[in-house]
Amino acid sequence: MGIIAWILIGLIAGAIAKALTPGKDPGGCLITMLIGIVGGLLGGWLGKVIFGVHSINGFFSLSTWIAAIIGSVIVLLVYRLVAGRTR
């Protein structure tokens with residue numbers, strides 16, 4: 001899958017990750033979208049590294065979405081830790 005597809009998946013995965021993780025977020029909608037994009041790319045990269053595949057199965061594959069959502073949750077939790085310390 002191309003990077004454009006991971007960005008699109010990341011936008012949606014960011015919203016899902018925000019809904020899955022309880023707590024107050026220090027950012028708004030724009031931050032959530034950026035976290036989703038970074039998380040989607042991270043999830044895609046981790047899928048390639050951990051499972052040794054050239055690309056996740058495809059845009060509509062469940063494994064693709066799970067990888068993007070897990071990546072987004074990881075990035076969101078790290079962002080909360082970093083942003084929480086600066087307040």
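How many nonpolar, polar and charged residues are in the lining of the largest cavity? Let's look inside this predicted model and then move out to its surface.

## The cavity

The count comes to 1 cavity of 30 Å³ or more, and the space in the largest cavity is about 30 Å³. Its lining is made by 10 residues, and those closest to the centre are Asp 25, Ile 31, Thr 32, Ile 35 and Leu 76. Two elements, H2 and helix H3 (62–86), each give two or more residues to this lining. H2 has the largest share, with 3 residues.

Now for the opening question: by class, the lining of the largest cavity has 5 nonpolar, 3 polar and 2 charged residues.

## A closer look at Ile 31

You can find Ile 31 in helix H2. Its relative accessible area is 29%, so Ile 31 is partly exposed; the partly exposed class runs between 20% and 50%. Ile 31 and Gly 14 are 17 residues apart in sequence, with their C-alpha atoms 9.3 Å apart in space.

## The nonpolar patch

On the surface, a nonpolar patch of about 990 Å² is made by Ile 3, Ile 4, Leu 8, Leu 11, Ile 12, Ile 16, Leu 20, Leu 30, Met 33, Leu 34 and Leu 41. Helix H1 (3–20) and helix H2 (29–51) each supply at least two of the patch residues, and the largest share, 7 residues, comes from H1.

One of the patch residues is Ile 12, which sits in helix H1. Ile 12 counts as partly exposed because its relative accessibility is 43%.

How values were computed. Residues numbered from 1 in each chain as written. Predicted model: local features only at pLDDT ≥ 70, side-chain atom pairs only at ≥ 80, totals over all residues. Heavy atoms only, no water. Patch = residues over 30% accessible without salt bridge, like charges linked within 9 Å, V, L, I, M, F, W, Y side chains within 5 Å. Areas by Shrake-Rupley, 256 points an atom, 1.4 Å probe, with all protein chains shown as cover. Salt bridge = Lys/Arg side-chain N within 4 Å of Asp/Glu carboxyl O. Helix = DSSP H or I, 4+ residues; strand = E, 2+ residues; numbered from the N terminus. Buried < 20%, exposed > 50% of the residue type's maximum accessible area, 1.4 Å probe, protein only. 1 Å grid on protein atoms, 1.4 Å probe; cavity = no way out; pocket = protein on both sides within 12 Å on 5 of 7 lines; lining within 4 Å. Points joined across faces, edges and corners; volume = space filled by probe spheres on them. Nonpolar A, V, L, I, M, F, W, Y, C, P; charged D, E, K, R; others polar.
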